[in-house]
Amino acid sequence: MEPKQVFRAYEGAEAQPAAFCLKCGAGLSDREDGGRTRRACASCGFVHYTGPAAAVAVLVVGGNRILLCRRRADVLEGGKWCLPCGYVEYDEDYLTAAHREVQEETGLAVEIRGIISVCSNFLRPDVHTVVTVLVAQPIGGEPTPGDDIELVRWFPSAGALPDMAFEADRHIITRFFASRLEGAPVDRQHARRNWS
Ligand SMILES: [Zn+2]
């Protein structure tokens with residue numbers, strides 16, 4: 001199965017341009033900068049560089065089963081299923097973010113075993129993520145939904161997947177079990193979070 005790492009749920013429109021300066025509050029206008037048009041502040045000169053958000057998704061694998069989460073009705077792609085996932089906070093490394101997201105959404109402690117893929121996800125004009133996809137095994141806890149997840153369940157790798165929220169998740173799960181990906185090794189110090 002060929003790898004796929006760029007996923008587009010829409011074509012065209014960009015994120016709404018920022019209106020006000022984050023530094024001084026003055027209005028922003030377009031400025032040519034290195035061959036691109038960027039939003040810049042006429043008052044303080046601050047250039048507002050925008051980029052996709054860093055996120056993580058985790059294949060939590062137990063034997064021939066994979067852990068999936070059903071998303072709460074009021075969030076993006078609500079009612080559909082996804083891998084445990086979320087944004088990397090500014091003060092976090094991505095491995096810490098992965099441990100935190102899995103714990104918050106599924107109640108499980110995990111050991112991260114490898115880096116499986118990195119995906120660009122153009123989900124909506126205002127939601128563009130670059131997602132590091134990790135594989136992990138459970139080392140403690142019981143599946144318990146939390147945060148914006150309403151149900152957590154193990155699914156057999158051989159069976160049909162439920163209605164998935166993101167094409168990227170469906171692709172990587174299928175590819176993982178078809179190719180038995182091991183991935184790149186991860187930083188041992190951060191692969192396993194110490195749970196007290
Ligand atoms: Zn400014």
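This is a chat about a predicted model of a protein with a zinc ion.

Reader: Hi! Which residues hold the zinc ion?

Author: Hello! The protein donors are the SG atoms of Cys21, Cys24, Cys41 and Cys44, and they lie 2.3 to 2.4 Å from the zinc ion.

Reader: And what is the geometry of the site?

Author: The site is tetrahedral, with angles of 102 to 118° among the four donor atoms. For comparison, the ideal angle for four tetrahedral donors is 109.5 degrees.

Reader: What spacing do the donors follow along the chain?

Author: The pattern is C-x2-C-x16-C-x2-C. Cys24 sits in the loop between strands S1 (6-8) and S2 (28-33), while Cys44 sits in the loop between strands S3 (36-41) and S4 (47-48), so this pair ties together parts that are 20 residues apart in sequence.

Reader: How exposed are Cys24 and Cys44?

Author: Cys24 is partly exposed, at 42% relative accessible area. Cys44 is also partly exposed, with a value of 41%.

Reader: You mentioned some strands. What order do S2, S3 and S4 have in their sheet?

Author: They form an open sheet of three strands in the order S2-S3-S4, and the pairing is antiparallel. S2 and S4 are at the edges with a single partner strand each, so each has one side without a neighbour in the sheet.

Reader: How many bridges are there between S2 and S3?

Author: Six bridges, in the antiparallel sense. One contact to look up is Asp33, whose bridge partner in S3 is Arg36.

Reader: Switching topic: what volume does the second largest pocket have?

Author: About 420 Å³. It is lined by 27 residues, and the closest to its centre are Arg71, Cys85, Gly86, Tyr87 and Phe166.

Reader: Which strands and helices supply at least two residues of that lining?

Author: Four strands and two helices do: S5 (53-62), S8 (85-87), S9 (109-124) and S10 (127-140), plus H1 (94-106) and H2 (167-179).

Reader: How do the lining residues divide into nonpolar, polar and charged?

Author: The lining of this pocket has 15 nonpolar residues, nine charged ones and three polar ones.

Reader: Last one, about Glu92. Where is it found?

Author: Glu92 is in the loop between S8 and H1.

Reader: Is Glu92 buried or exposed?

Author: Glu92 counts as buried, because its relative accessibility is 16% and the cut-off for buried is under 20%.

Reader: And how far apart are Glu92 and Trp81?

Author: Glu92 and Trp81 are eleven residues apart in sequence, and their C-alpha atoms are 25 Å apart in space.

Key:
Residues numbered from 1 in each chain as written. Predicted model: local features only at pLDDT ≥ 70, side-chain atom pairs only at ≥ 80, totals over all residues. Heavy atoms only, no water. Donors = N, O, S within 2.8 Å, 3.2 Å for Na, K, Ca; no water. Tetrahedral: all angles 85-135°; square planar, octahedral: opposite > 155°, others 65-115°. Buried < 20%, exposed > 50% of the residue type's maximum accessible area, 1.4 Å probe, protein only. 1 Å grid on protein atoms, 1.4 Å probe; cavity = no way out; pocket = protein on both sides within 12 Å on 5 of 7 lines; lining within 4 Å. Points joined across faces, edges and corners; volume = space filled by probe spheres on them. Nonpolar A, V, L, I, M, F, W, Y, C, P; charged D, E, K, R; others polar. Pairing = 2+ DSSP bridges.
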